[in-house]
Amino acid sequence: LFRSVLGVFGGWFKVLSSINERNLIIQSRGIYLEIEIDLIKDLIKELRNIRDEYPKIINEASLVANNLNISPCFPDEGKRTKRKKNFHDDIPLETIIQPSKEITAQDCFKRDVIFTGIDVIITDFTHRFETHQKLCNLFSPILCYMKLSSEDLETNVKKIIEIYSNDLSLTLLNELLHLKKIQKSVFQTEIEIPPQKPKHTQHKI
């Protein structure tokens with residue numbers, strides 16, 4: 001029973017609460033892609049902290065278990081010996097194999113359940129973070145076109161057009177160059193206009 005308490009109230013409650021907090025923000029209207037990237041980055045950091053605070057999780061789960069009149073301990077499975085059948089001549093059919101290093105039930109639960117689960121989630125969100133970061137970097141020349149020279153803008157925008165050839169054309173580049181020219185003419189300098197950040201399509205983490 002203590003394993004269930006540790007898993008639900010100790011480990012997964014913290015993990016799911018952290019995910020849900022960011023998920024509520026991401027689902028709100030008008031969220032920007034850059035904000036989502038920061039939220040995912042912060043979530044990964046918090047999940048790693050949860051993983052590193054396993055002793056604290058054990059203590060909190062023990063308090064919950066005591067309030068539920070559940071013994072806050074694991075069965076001592078580390079002292080079990082394993083038996084392996086042997087079919088070689090002149091050797092007993094069963095040979096007792098002693099583990100080279102005693103591994104407690106709590107160590108097994110931490111390694112196989114808590115750490116494995118959290119590591120899978122961290123890996124998934126790290127992949128999502130990297131994907132979103134690449135997307136944001138890809139479109140940054142459009143969002144910050146006034147920071148680039150006309151030559152750099154043309155080079156970067158053409159790369160975007162090449163990637164999204166079915167959706168974009170050189171018209172985009174011509175419009176950006178024209179807008180850049182007008183802005184420079186009006187302000188007599190390449191004053192940067194705060195770019196419109198890409199709004200994120202709502203979805204759950």
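This is a short tour of one helix and two cysteines in a predicted model.

**Stop one: helix 6.** Start by selecting residues 170-187, which make up helix 6. This helix has 18 residues. From its first C-alpha to its last, helix 6 reaches 26 Å, close to the 26 Å expected at 1.5 Å a residue.

**Stop two: the buried side.** Now show side chains for Leu172, Leu173, Leu176, Lys180 and Gln183, which are buried in helix 6. Turn the view until you look down the helix axis: the buried residues fall within an arc of 100°, so they line one face of helix 6. What do these buried residues pack against? Add helix 4 (105-143) and helix 5 (150-163) to your selection, and you have the packing partners of the buried residues of helix 6.

**Stop three: the other face.** Next, pick Lys181 and Val186. Both are exposed, on the face of helix 6 turned away from its buried side.

**Stop four: two cysteines.** Finally, select Cys136 and Cys144 and draw a distance between their sulfurs. Why is there no bond here? The sulfur of Cys136 is 8.5 Å from that of Cys144, its closest cysteine sulfur, which is too far for a bond; a disulfide needs the two sulfur atoms within 2.5 Å. Cys144 is likewise in no disulfide, as its nearest cysteine sulfur is that of Cys136. A search of the whole structure also finds zero disulfides.

While both are on screen, colour them by accessibility. Cys136 counts as buried because its relative accessibility is 9%, while Cys144, at 23%, counts as partly exposed.

Technical notes
Residues numbered from 1 in each chain as written. Predicted model: local features only at pLDDT ≥ 70, side-chain atom pairs only at ≥ 80, totals over all residues. Heavy atoms only, no water. Buried < 20%, exposed > 50% of the residue type's maximum accessible area, 1.4 Å probe, protein only. Helix = DSSP H or I, 4+ residues; strand = E, 2+ residues; numbered from the N terminus. Expected span 1.5 Å × (residues − 1). Arc of directions from axis to C-beta. Contact = heavy atoms within 4.5 Å.
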